[in-house]
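Student: I have a model open and want to test the labels people put on it. Can we take them one at a time?

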Amino acid sequence: MQTYLPAESDSLIQTYGETSSAALLLKFLSLLSALGQSADPRADRAVANAYDALVEHYRAISRALVPSPHLAYVSKQIVDGQEISAYSRAAFLAKNAPVSGNDTVSIRPDNVGHLRSNAFHLYAVSVDAQVLTTRHPIPLPDLLMRRNPGNYTHAHLVAPLGLQVRCAGELIVARRDGRLAGLIVNNRSGHFLPGRKALIDVVPTLAHAFGIPADLVFPLAVDRQPRD
């Protein structure tokens, strides 16, 4: 199996565990490296192997839905088979101090250049097919360790605008020779807790917004099933 993990990665994963943040970081680096070196990511076995390793990792860390304080401010409804969520604008304004500057960007194929490669950006997909992201990235180690230096959240992306949400999570842009090579995206949002189906359903919307084929979007779903 061809991968691009550092030589000491096996010992690091053994030390910290297969489902550790260290292991997850190494697997992200492997996929990003493979995408950055591949002339045709859709047919590259190294890309497929690295992606499969991440899918298995996300399957292993999937957990039952746990109570979240944010859910008290989120309304959910099913429309045409899709779960639609909205965060209370009044509750958001009451709970959050203003963030200096506007860190929200509506993505189009002609403005993706501002997104930093190989770093996390928060995103949300609205019911009217807007893809909103944070302008400033969060370094991979920070977000994998659940650190958010700017305290910018998914609610910041949509609540001030009163938007309803189809899915929200984190995305990473991979580039090769300065051109978009792939988009890695998950459904990790403690505010909206979207499910696997929500993530898969928005893949075409994400591909259209970024101007890439849908098979260059690599979804990583955390399953969240309600507890009995």
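Student: Where does Val-55 lie?

Tutor: Val-55 is part of helix α3. Keep in mind that this is a predicted model.

Student: Why is Val-55 called partly exposed?

Tutor: Its relative accessibility is 23%. Buried needs under 20%, and exposed needs over 50%. Val-55 falls in between, so it counts as partly exposed.

Student: How far is Val-55 from Lys-27, in sequence and in space?

Tutor: They are 28 residues apart in sequence. In space, C-alpha to C-alpha, the distance is 9.9 Å.

Student: What makes α2 roughly antiparallel to α3?

Tutor: Helix α2 covers residues 21-37 and helix α3 covers residues 45-61. They pack at an angle of about 155 degrees, with axes 8 Å apart. Angles over 145 count as roughly antiparallel, so α2 is roughly antiparallel to α3.

Student: Which way does α2 pass α3?

Tutor: The crossing is left-handed.

Student: Which residues of α2 and α3 meet?

Tutor: From α2, the contact takes in Ala-23, Leu-24, Lys-27, Phe-28, Ser-30, Leu-31, Ala-34 and Leu-35. From α3 come Ala-46, Val-47, Ala-50, Tyr-51, Ala-53, Leu-54, His-57 and Tyr-58. Sorted by class, the α2 contact with α3 has 13 nonpolar, 2 polar and 1 charged residues.

Student: How many aromatic pairs are there?

Tutor: The count is 5 aromatic pairs. One of them joins Phe-28 and Tyr-58.

Student: Why is the pair of Phe-28 and Tyr-58 called edge-to-face?

Tutor: First check that the rings pair. The centres are 6.5 Å apart, and the rule asks for centres within 6.5 Å. Then take the planes. They stand at 85 degrees, and over 60 counts as edge-to-face. Both tests are met, so Phe-28 and Tyr-58 form an edge-to-face pair.

Student: What parts of the chain does that pair link?

Tutor: Distant ones: Phe-28 is in helix α2 and Tyr-58 in helix α3, 30 residues apart. Both residues are buried.

Student: What makes the pair of Tyr-73 and Tyr-87 tilted?

Tutor: The ring centres are 6.1 Å apart, and the planes are at 45 degrees. Stacked needs under 30 degrees, and edge-to-face needs over 60. An angle of 45 degrees meets neither, so the pair is tilted. Tyr-73 is in the loop between α3 and β1, while Tyr-87 is in strand β2, 14 residues away in sequence.

Student: Is Tyr-73 buried or partly exposed, and what of Tyr-87?

Tutor: Tyr-73 has a relative accessible area of 30%, so it is partly exposed. Tyr-87 is at 5%. The cut-off for buried is under 20%, so Tyr-87 counts as buried.

Student: Which residues do ring pairs link into a cluster?

Tutor: Phe-28, Tyr-58 and Phe-120.

Student: How do you know that helix α8 is mostly covered?

Tutor: Count its residues. Helix α8 runs over residues 203-210, and 6 of its 8 residues are buried. They are Val-203, Thr-205, Leu-206, Ala-207, Ala-209 and Phe-210.

Student: What do the buried residues of α8 pack against?

Tutor: They pack against strands β4, β5, β6, β7 and β8, and against helix α7.

Student: What follows just after α8?

Tutor: Gly-211, with a positive phi of about 70 degrees.

Student: How many helices and strands does the chain have?

Tutor: It has 8 helices and 8 strands. Of the chain's 228 residues, 47% count as buried.

Key:
Residues numbered from 1 in each chain as written. Predicted model: local features only at pLDDT ≥ 70, side-chain atom pairs only at ≥ 80, totals over all residues. Heavy atoms only, no water. Axes fitted to C-alpha atoms, helices over the stretch in contact; angles between N-to-C directions. Helix = DSSP H or I, 4+ residues; strand = E, 2+ residues; numbered from the N terminus. Parallel < 35°, antiparallel > 145°, perpendicular 65-115°, else oblique. Left-handed = near helix turned anticlockwise from the far one by under 90°. Contact = heavy atoms within 4.5 Å. Nonpolar A, V, L, I, M, F, W, Y, C, P; charged D, E, K, R; others polar. Phe/Tyr/Trp six-rings, centres within 6.5 Å; stacked < 30°, edge-to-face > 60°. Buried < 20%, exposed > 50% of the residue type's maximum accessible area, 1.4 Å probe, protein only.
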